[in-house]
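Colleague: I would like to learn how to read charged side-chain pairs in a model. Could you take me through some cases step by step?

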Amino acid sequence: MFLSNNGKSVGKSQQALQAFQEFLTTPLETRLKRHQNTSPEAIATALFQEVAANVPAYKAFLGTHKINPASIQTLADYQTLPLQTKENYLRQHSLADLCRNGQLETCDMIAVSSGSTGKPTFWARFMADELQIATRFEQIFYDSFFADTRRTLAVVCFTLGTWVGGMYTTNCCRYVAQKGYQITVVTPGNNKEEIFRVVQELGEAFDQVVLLGYPPFIKDVIDTGISRNIDWQQYQTKLVFAGEVFSEEWRSLVGERIQVKNLCYDTATLYGTADAGVLGNETPLSICIRRFLAEHPAIARELFGESRLPTLVQYDPCDRFFEVQDGTLLFSGNNGIPLIRYHIADTGGLIPYNTMLDFLAAAGFNPVETLQQYGVRGNCSLPFVYVFGRSDFTVSYFGANIYPENVTVGLEQPEIREWITGKFVLEVKENADRDRYLSVVVELAPKIDDSEDKRQAIATSIHTQLLRLNSEFANYVPAEYQTPQVMLAAMGNPEYFPIGVKHRYTRKN
C-alpha cells in the first residue's frame with residue numbers, strides 16, 4: 001500500500017526491495033512448506049479485509065451487495081461473499097479504482113490479454129506480484145531441471161510485446177536467475193527463425209536448453225527444427241508449457257521427437273491466467289500421477305468424475321486460495337488488482353495431497369515410490385488442483401458432451417500423428433436432410449497431401465478413442481452416427497487455422 005506525497009507515490013521502492021529480498025533469501029523448500037504451519041484460510045480472510053479497506057472498486061462492490069466487511073471473520077463468512085467475474089467487477093470499474101487507493105501508479109506494469117473472446121483486457125501489476133509467481137518457475141527449474149547445477153538457457157517462445165504471457169515468463173525467469181540459479185534468459189518470442197538462431201548459436205554453451213511456450217507452437221518449433229536437421233537431443237532440450245490442456249500421448253510424442261530421458265522431469269506445464277499469473281504448476285509427482293491415470297481411464301473417471309483427462313498441477317494455498325463451487329474453480333490472490341473469490345470459469349476441482357496418495361494406493365499405484373528411482377526431487381506435499389478448462393469449449397451431440405481432449409488422443413496415435421500438426425476444429429453440423437453429424441477439420445502437416453485413406457484412418461482412430469474414453473458418447477450416440485466426418489485442410493487455412501490467432505478447437509452453431 002502506498003501513500004501520496006505531493007502527487008508522488010512513496011513506499012514503492014521499499015515494498016519492491018522488501019519483496020525481492022524475501023524472495024532471494026527464502027529457500028524454496030521453506031516457501032513450499034508454509035502451508036503446513038500457516039492457515040491459508042486466515043491469509044485469504046486477512047487479504048479480504050485489506051482489500052475491502054483500500055480498493056475503491058471492491059468497496060463499491062460490497063456496498064452493492066450490502067455487505068459489511070466487519071461481518072466477515074471466519075471461513076464460513078468468507079464463503080458467503082459474492083463471486084467476482086470480469087463482467088460484474090472488472091468491467092464495471094476503471095483500472096485505477098481496481099487498484100489500491102484508486103491509484104494506478106501503485107503498479108509498475110500493464111499487460112494485455114485477449115482471452116477466448118478476442119477482446120483485449122488490461123491488467124495492472126507490481127513487481128511483488130511477479131515474485132510470488134516466480135516461485136512456481138523456481139520450483140520447475142529446481143525440482144525438474146536441476147538448474148542449480150546445470151547451465152541453462154531459458155528460451156522464451158511466448159508472444160512478447162504487451163501480451164501477458166511472454167513478459168510474465170521473462171521477468172520470472174530473470175528473478176529466478178538472480179536468486180543464484182545457473183539460468184540465462186533469451187527472448188526470441190514466437191519468431192521461429194529467431195528461436196532456431198539463438199538455440200543453434202548459443203545452445204552449445206549450456207548444459208541444457210529450455211523452451212517455454214504455448215504447446216502447439218512449441219511442437220511446431222520442434223517439428224520444423226527437425227526438418228532443418230536440428231538435433232534437439234544435442235541441447236538436452238527441456239519444455240515448459242502453458243495455455244491449454246494436452247494429452248499424455250501428445251507429451252510422449254513431443255518427448256520422442258526431442259529424445260528426452262524422462263518425461264516426468266524434462267517437461268512441465270504452468271496453469272496460469274492473465275488475471276493472476278501462474279496459479280499452479282506441474283511437478284514430477286503430478287506428471288507421474290497423470291501418466292498413470294492416462295493408462296487407466298476407469299480410475300481417472302472415478303477420481304475426476306469425467307471421461308477426459310484434466311491438467312493436474314500442485315499449488316501453494318498461501319499464494320492462491322482455491323475454492324470449488326458448482327464444479328468450477330474460484331480463487332483469491334494478491335495482485336496489482338487483488339481478486340477475492342474470483343470466478344475464472346474453469347471447470348475442475350481440488351484434491352489434498354494425502355487424499356490423492358491414499359486414492360492411488362487403493363488403486364495399486366505408489367507415485368512416490370516410482371519417482372524415487374530417479375532421485376529425491378519432485379515429491380512436494382502441496383495440494384492438487386485439476387483443470388478441465390472452460391466448460392463452453394465442449395460440443396453437445398445426442399446429449400453427450402464431446403471434449404476436444406478426447407479427439408486429441410485419436411489424432412496422436414502412431415502413423416496418424418505424422419500426417420498432421422495436431423490442430424483441429426470440432427463441430428456438430430447438419431446435412432441436407434437435417435441429420436446431425438460430428439465434423440472434425442484437421443490441419444495437415446507441411447508437405448502432406450489430402451487423401452481419402454488418410455481421412456478414413458483419422459475418422460476410425462477418433463471414433464475408437466471416443467468409445468474408449470467417453471462413456472456418454474458410447475451410450476448416448478447411436479452407432480450409425482458415431483463415426484465423425486473428417487476433412488483435411490492445409491496448414492494455415494484461413495477459415496479454420498488462421499496464422500497468428502489463438503486457436504479454438506470447437507465451434508458451435
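Modeller: We will go through salt bridges, and then the surroundings of a single residue, bearing in mind that this is a predicted model.

Colleague: What counts as a salt bridge, and how many salt bridges does the rule give here?

Modeller: The general idea is a distance test, in which a side-chain nitrogen of Lys or Arg must lie within 4 Å of a carboxyl oxygen of Asp or Glu. In this structure the count by that rule comes to 29 salt bridges. One of the pairs is Glu87 with Arg91, whose closest N and O atoms are 3.0 Å apart.

Colleague: Are the partners Glu130 and Arg125 buried or exposed, and how far apart are their closest N and O atoms?

Modeller: Glu130 and Arg125 have their closest N and O atoms 2.6 Å apart, which the model shows as a salt bridge, and both of these residues are buried. For Glu87, in contrast, the relative accessible area is 47%, so that residue is classed as partly exposed, and Arg91, with a value of 40%, is likewise partly exposed.

Colleague: Which parts of the chain does the pair of Glu193 and Arg228 link?

Modeller: Here one looks at the distance between the atoms and also at where each partner sits in the chain. The side chains of Glu193 and Arg228 meet in a salt bridge at 2.6 Å, taken from N to O. This pair links distant parts of the chain, since Glu193 belongs to helix α9 (residues 192–202), while Arg228 lies in the loop between α10 (215–227) and β8 (238–242), 35 residues apart. Glu193 is partly exposed because its relative accessibility is 44%, and Arg228, at 42%, is also partly exposed.

Colleague: Which residues are linked in a network of salt bridges?

Modeller: The network of salt bridges links Glu22, Arg31, Arg34, Arg136, Asp316 and Asp319.

Colleague: Turning to a single residue, where is Gln73 found, and what is Gln73 in contact with beyond its neighbours within four places in sequence?

Modeller: Gln73 is found in the loop between α5 (56–64) and α6 (75–78), and because its relative accessibility is 53%, Gln73 counts as exposed. Once the neighbours within four places in sequence are left aside, Gln73 is in contact with Thr45 and Gln49. A polar atom of the Gln73 side chain also lies 2.7 Å from the backbone oxygen of Ala70. As for Phe48, which is 25 residues away from Gln73 along the chain, the C-alpha atoms of the two residues are separated by 9.9 Å.

Notes
Residues numbered from 1 in each chain as written. Predicted model: local features only at pLDDT ≥ 70, side-chain atom pairs only at ≥ 80, totals over all residues. Heavy atoms only, no water. Buried < 20%, exposed > 50% of the residue type's maximum accessible area, 1.4 Å probe, protein only. Helix = DSSP H or I, 4+ residues; strand = E, 2+ residues; numbered from the N terminus. Contact = heavy atoms within 4.5 Å. Polar contact = N/O pair within 3.5 Å; in protein donor to acceptor, adjacent residues only side chain to side chain.
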